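Student: I have a structure open and don't know where to start. Can we go through it together?

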Amino acid sequence: MRNFFMALLTVLSLSACGLAETAATGATAASSAAEQAKQGQQTEQRVQQQVEAAKQVAADKLKSADDGSSQ
């Protein structure tokens, strides 16, 4: 009977380690996914700013060309 309880205790303690490791791995993966999402949003904002800047440059060039041709 004592051997049974020792074996049970060993199995439970080993399975608990596996559960803790699985939980830690899941938490790490979730943290990584959240960081990737944050970086993706930052990249999207930078690209949007670059597009807006390019549009402004094109508009300025068009206006400059129109001003030059109307003189």
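Tutor: What follows is a short walk through this predicted model.

Student: How many helices and strands does the protein have?

Tutor: There is one helix, and the strand count is zero. The helix, H1, covers residues 2-70.

Student: And how much of the protein is buried?

Tutor: Of the 71 residues, 0% are buried.

Student: What about the accessible surface, what does it come to?

Tutor: The total is about 6300 Å², and carbon and sulfur atoms account for 61% of that.

Student: Which residues make the nonpolar surface patch of about 470 Å²?

Tutor: Met 1, Phe 4, Phe 5 and Leu 8 make that patch. Phe 4 is located in helix H1.

Student: Changing topic. How many salt bridges turn up in the whole structure?

Tutor: The search finds one. It joins Lys 55 to Glu 52, with 3.9 Å between the closest N and O atoms.

Student: Where do Lys 55 and Glu 52 lie?

Tutor: Both are in helix H1, three residues apart, which is about one turn of the helix.

Student: Is Lys 55 buried or exposed?

Tutor: Lys 55 counts as exposed, because its relative accessibility is 52% and the cut-off for exposed is over 50%.

Student: Then why does Glu 52 count as only partly exposed?

Tutor: Because Glu 52 has 44% relative accessibility, and partly exposed runs between the 20% and 50% limits.

Methods:
Residues numbered from 1 in each chain as written. Predicted model: local features only at pLDDT ≥ 70, side-chain atom pairs only at ≥ 80, totals over all residues. Heavy atoms only, no water. Salt bridge = Lys/Arg side-chain N within 4 Å of Asp/Glu carboxyl O. Helix = DSSP H or I, 4+ residues; strand = E, 2+ residues; numbered from the N terminus. Buried < 20%, exposed > 50% of the residue type's maximum accessible area, 1.4 Å probe, protein only. Patch = residues over 30% accessible without salt bridge, like charges linked within 9 Å, V, L, I, M, F, W, Y side chains within 5 Å. Areas by Shrake-Rupley, 256 points an atom, 1.4 Å probe, with all protein chains shown as cover.
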